[in-house]
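Please walk through this structure with me, one region at a time, and explain how its local backbone features, its sheet and its helices fit together.

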Amino acid sequence: MDVFALVDCNNFYVSCERVFRPALKGKPVVVLSNNDGCVVARSQEAKDLGLAMGIPFFKCKALCERHQVQVYSSNYTLYGDMSRRVTEVLRQFTPAVEVYSIDESFLGLGRSSEVPFAELGRRIRKEVDNWTGIPVSVGLAGTKTLAKLANKIAKQTSCSRGVFDLTEQPRCEQVLGEVDVGEVWGIGRQYKTLLNSYGIKTAYQLTRARDSWIRKHLTVVGLRLVWELRGISCLPLEQAPAAKKAIARSRSFSRPLQRLDELKEPVAAHAAAAAQVLRRQDSVAACIQVHIETSRFAEPYYGNAASVQLAIPTASTPELVRLAHRGLERIFKGGYRYRRAGILLTGIAPRESLQIDMFARDYYDERKRELMEVADRLNEKWGRGIVRFAAEGMAQNWRMKQLRKSPCFTTRWEELPVVRAGN
């Protein structure tokens with residue numbers, strides 16, 4: 001039986017902030033969403049104060065001030081780089097790594113190990129902490145679904161010390177009998193209600209249901225999930241991320257925008273960012289949709305979207321920006337205070353599958369493609385936005401509000417932490 005490990009960074013955003021501010025350890029800390037709107041990450045101390053996930057910051061600001069909660073804006077540049085560093089440490093243990101999200105990775109550990117798998121989990125945990133300062137929990141099992149469940153148990157039980165091994169079958173059945181079916185990876189609120197109505201309350205009871213019944217009520221996807229709970233691996237490790245079938249970029253503004261020329265900047269910036277993702281996976285898009293809207297809590301409300309079909313699919317930033325602006329002009333109305341804009345690329349296909357005719361030769365000029373590649377390499381090496389189109393704006397004072405943002409400690413020379421020797 002192959003063994004999977006799920007390594008999950010604990011309170012990841014908060015942990016990243018604490019790495020460079022050791023004084024924050026043991027103190028309540030929260031991280032806010034875009035435009036400092038809602039709480040999206042909490043330390044255990046903040047959870048103990050009753051701060052709920054997703055609560056608007058203005059509703060808990062008084063509580064945070066009363067208990068001296070440290071509050072930070074989201075610093076995605078820092079979090080992304082720290083996530084990359086954690087992944088590099090994990091690859092020291094096995095090349096079979098699936099980066100599932102910014103703070104979670106599945107590891108394929110094979111059928112055997114020089115040490116017990118639980119001990120290997122403890123080594124992983126120690127090495128990640130030594131090299132990055134990020135605390136992690138490790139769940140081990142014979143399938144990815146069981147590893148996900150084991151990881152949750154590792155976080156919830158103090159006796160596990162951050163590592164829980166489910167590779168022993170008798171113990172696995174005992175554990176599944178104590179797990180609420182709603183805690184199983186892939187079982188949402190509606191499926192939980194359905195299963196409860198049939199008397200299925202625990203994960204173990206779900207494994208005892210008939211395959212025909214599961215397929216009828218939970219579809220083939222649900223059947224694979226139940227097989228995973230039974231210890232039959234159905235979800236292979238995906239070491240190479242699948243190409244995106246749609247790419248979306250959308251953000252709220254730090255202030256309302258009223259003029260068309262103001263809105264063109266963020267729309268261009270979103271189109272440029274999406275185009276870079278498109279080129280990274282060597283694809284082209286056949287359609288771009290633009291949407292804008294005002295605040296839903298203000299009067300009058302207006303929101304609309306427009307799609308523009310491309311005569312020839314492309315990944316060219318100038319062309320996608322031009323068409324995005326065309327769509328924006330179709331739906332823009334004066335007299336409104338817009339708070340959000342975004343784009344969506346669809347009709348995505350591999351670049352090699354594109355068929356062009358003789359009239360498209362200039363459109364696919366090799367020099368233009370090379371120019372995009374050079375810009376992408378510069379942005380990937382020196383940071384997003386180091387090279388950008390004038391249509392994206394220079395000041396970009398519409399960008400989201402981050403009044404409490406910490407420095408980019410690991411990616412900007414001028415913001416590197418400074419260590420001074422004591423007297």
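In this predicted model, the loop that connects α6 to β8 contains R161, a residue whose phi is positive at about 55° even though it is not a glycine. Its relative accessibility is 60%, and because anything over 50% is classed as exposed, R161 counts as exposed. A comparable case is D282, likewise a residue other than glycine, with a positive phi near 55°; D282 is placed in the loop between α11 (260-280) and β10 (283-294). With a relative accessible area of 28%, D282 is partly exposed.

The two elements that flank R161, namely α6 and β8, lead on to the sheet. Five strands form an open sheet in the order β5-β6-β1-β7-β8, and their pairing is mixed. The edge positions are taken by β5 (97-101) and β8, each of which has a single partner strand, so that one side of each is left without a neighbour in the sheet. From one strand to the next, the twist averages 15°. At the β5 end of this order, β5 and β6 are paired in the antiparallel sense over four bridges, and V99 has S105, in β6, as its bridge partner. Helix α6, which comprises residues 144-156, lies across β1, β5, β6, β7 and β8, and it runs at about 140° to β7.

Another helix to consider alongside the sheet is α5, which covers residues 117-132. At 1.5 Å a residue, its 16 residues should span 22 Å, and since the C-alpha atoms at its ends are 22 Å apart, the expected and the modelled spans agree. Which residues of α5 are buried? They are F117, A118, L120, G121, I124, V128 and T132. Because these buried residues cover an arc of only 160° around the axis, they are on the same side of α5.

As for what covers the buried residues of α5, the elements include the strands β1 (4-9), β6 (104-108), β7 (136-141) and β8 (163-165), together with the helices α1 (12-19) and α4 (76-90). Several of these strands have already appeared above: β6, β1, β7 and β8 are among the members of the five-stranded open sheet, and β1, β6, β7 and β8 are also among the strands that α6 lies across. After α5 comes G133, whose phi is positive as well, near 80°.

Terms used: Residues numbered from 1 in each chain as written. Predicted model: local features only at pLDDT ≥ 70, side-chain atom pairs only at ≥ 80, totals over all residues. Heavy atoms only, no water. Expected span 1.5 Å × (residues − 1). Buried < 20%, exposed > 50% of the residue type's maximum accessible area, 1.4 Å probe, protein only. Arc of directions from axis to C-beta. Contact = heavy atoms within 4.5 Å. Pairing = 2+ DSSP bridges. Axes fitted to C-alpha atoms, helices over the stretch in contact; angles between N-to-C directions.
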